[in-house]
Amino acid sequence: MSEGTNAVTGEDIGVELGEHATLVQFSTAFCQPCRATRRILDEVAGMVPGVRHVEIDAESRLDLVRRFDIMRTPTVLILDDSGNVVKRASGQPRKADVIAALGAAVTIDQGVDKSSHQSDAV
């Protein structure tokens, strides 16, 4: 999936997008790394104003799983304030990587393009 396409709306995920960014986590019921990822993303969202964390049960939202080509859980999408996917990663992220990826999403949101510094890792 290319960055900045296929924008997500609050209606798609069932909650309003964050003011500056949204952390969308795809999880499954018996996924142990999903629990740790939930804690990390909740903590980061609590630290950074305007950021919302949304967890989506992959088994009940196959439409979104297909739309975003989710192959495993956890998978995290970082959305800018317009719902564009600016970062994506599979597996349990490190807190520092989530914070760095959010910095890139908010910077892009403010009109400064740092695309030469972006990677697929969260």
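The following legends describe several views of a predicted model of one protein chain.

**View 1. Helices and strands along the protein chain.** The predicted model contains four helices and four strands. Followed along the sequence, these elements occur in the pattern α-β-α-β-α-β-β-α. The pattern begins with a helix and also ends with a helix.

**View 2. The interior and the surface of the protein chain.** The protein chain has 122 residues, and 43% of them are buried. Its accessible surface amounts to about 6400 Å². Carbon and sulfur atoms contribute 49% of that surface.

**View 3. Contacts between residues distant in sequence.** Here the contacts considered are those with a separation of 6 or more in the protein chain. Of these contacts, 70% join residues that lie 24 or more positions apart.

**View 4. The sheet and its edges.** The four strands form an open sheet in the order E2-E1-E3-E4, and their pairing is mixed. Strand E2 (51-57) and strand E4 (85-90) are the edge strands; each has a single partner strand, so one side of each has no neighbour in the sheet. From one strand to the next, the twist averages 15°.

**View 5. The pairing of strands E3 and E4.** Which strand pairs with E3 in the antiparallel sense, and over how many bridges? Strand E3, residues 75-80, pairs in this sense with E4 over five bridges. A residue pair illustrates the arrangement: Leu 77 has Arg 88, in E4, as its bridge partner. Strand E4 is also one of the edge strands shown in View 4.

Notes
Residues are numbered from 1 along each chain as its sequence is written. This is a predicted model: local features need pLDDT of at least 70, side-chain atom pairs count only at pLDDT 80 or more; totals for chains, interfaces and linings use all residues. Side-chain values use heavy atoms; hydrogens and water are left out. Helices (H or I, at least four residues) and strands (E, at least two) are DSSP runs, numbered from the N terminus. Buried means under 20% relative accessible area, exposed over 50%, partly exposed in between (1.4 Å probe, protein chains only). Contact means heavy atoms within 4.5 Å. Accessible areas come from the Shrake-Rupley method with a 1.4 Å probe; for residues, only the protein chains shown count as cover. Two strands pair if DSSP finds at least two bridges between them. Axes are lines fitted to C-alpha atoms, for helices over the stretch in contact, and angles run from 0 to 180 degrees between N-to-C directions.
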